[in-house]
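Me: Could you take a close look at one part of this model for me? I'd like to hear about a charged side chain and what surrounds it.

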Amino acid sequence: MNVVVYRLPREMSVVRPGSHCPACGAGVTPLDNVPLVSWLLLAGRARCCGARISARYPAVELLGGVVALAIVEALFRTLPPETSAMRAAAIFLANFALAMALVAAAFIDAAHMYLPDVITIGGTIFGLATPGLRNLTWFDSLTGAAIGFIGVWLPLVVGYRALRGRPGMGLGDAKLLMLAGAWYGWRGAVFVLFGGALQASLVAALLMLVHGKIEEPEAVREDREELHRAALAGDEDARNALRADPLATAPAEGFMAARLPFGPFLCLGIIEWMLAGQWITERVTWLGG
């Protein structure tokens, strides 16, 4: 997943070359590629050149282990005794694959404010193909995907563009909510949207309280500057990208104008619903409980 987080936004292959040091390009040996252990033994520095290894690497590895254990406890061990081994394995592997994709998407969006289609659209297709693993019908899955996408696209992309002349949110968030609906129906999509918004608001308020402002990710500023340079040089594609991109202009001052990546909170909401959706549905009246 760290390979995906690092390479996907840079449009690099996640297959070749093998794991290597981003600083000097030297290959990483299997001994130095053991999750968590290698980072701790190397004290957070590459053996080849001594470059600092981001704390993101052990964070992703630790999250992967924690989420895998949570899926075993919440979804695998609670299956009825008569569940076949094949179905039990399919349920675990499908949920684990989704959770790992969401972890990768969250870290990518946090750094680049970008959600790759291979995760959002690919995850949606996977969800539409496997509703039976979650006791949903194909109609439930399809309806949930449509509601999820329209719930973000219509007010925050189409509506905001009509009022302000540019979209207020990227399509990546709409596609991610479409994924939520494809996996968990309209109830899951609604929970993810409102749960993600609530948690994002709390984090934004905390950041403002502690730091007094919310900084854009550095990679977003660099990408915007590169696009502006290309547009000034006459690149028509860059000009079109700037017109369509809600990140094309620097954010204004103030809390309401601050930009906080929303994808990580949507990803968190999807994982929360994955692990506790049944419990939530039984207790929240407006979700049908």
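Reply: Here's a walk around one acidic residue, followed by two surface patches.

Bear in mind that this is a predicted model. The residue to zoom in on is Asp173, which sits in helix α7, the stretch covering residues 171–211. Is Asp173 buried or exposed? Asp173 is buried, and yet no salt bridge goes with it. If you hunt for a side chain of opposite charge, the nearest one belongs to Lys175, and that is 11 Å away. A salt bridge needs the nitrogen within 4 Å of a carboxyl oxygen.

So what does Asp173 touch, leaving out residues up to four places away in sequence? The contacts are Leu115, Val152, Phe262, Gly263 and Leu266.

Now for the surface. Leu171 belongs to a nonpolar patch there, together with Ile150, Trp153, Leu154 and Val158. Between them, these side chains' residues offer about 400 Å² of accessible area. Helix α6, residues 138–164, supplies the largest share of the patch, with four residues. Trp153 is one you'll find in helix α6, and it counts as partly exposed because its relative accessibility is 33%.

For a charged counterpart, look at Glu218, Glu222, Asp223, Glu225 and Glu226, which gather on the surface as a patch of negative charge. Glu222 is part of helix α8, spanning residues 218–232. With a relative accessibility of 40%, Glu222 is therefore classed as partly exposed. Asp173, by contrast, is the buried acid with no salt bridge.

Terms used:
Residues numbered from 1 in each chain as written. Predicted model: local features only at pLDDT ≥ 70, side-chain atom pairs only at ≥ 80, totals over all residues. Heavy atoms only, no water. Patch = residues over 30% accessible without salt bridge, like charges linked within 9 Å, V, L, I, M, F, W, Y side chains within 5 Å. Areas by Shrake-Rupley, 256 points an atom, 1.4 Å probe, with all protein chains shown as cover. Lys, Arg positive; Asp, Glu negative; His and termini not counted. Charge placed at Lys NZ, Arg CZ, Asp CG, Glu CD. Helix = DSSP H or I, 4+ residues; strand = E, 2+ residues; numbered from the N terminus. Buried < 20%, exposed > 50% of the residue type's maximum accessible area, 1.4 Å probe, protein only. Contact = heavy atoms within 4.5 Å.
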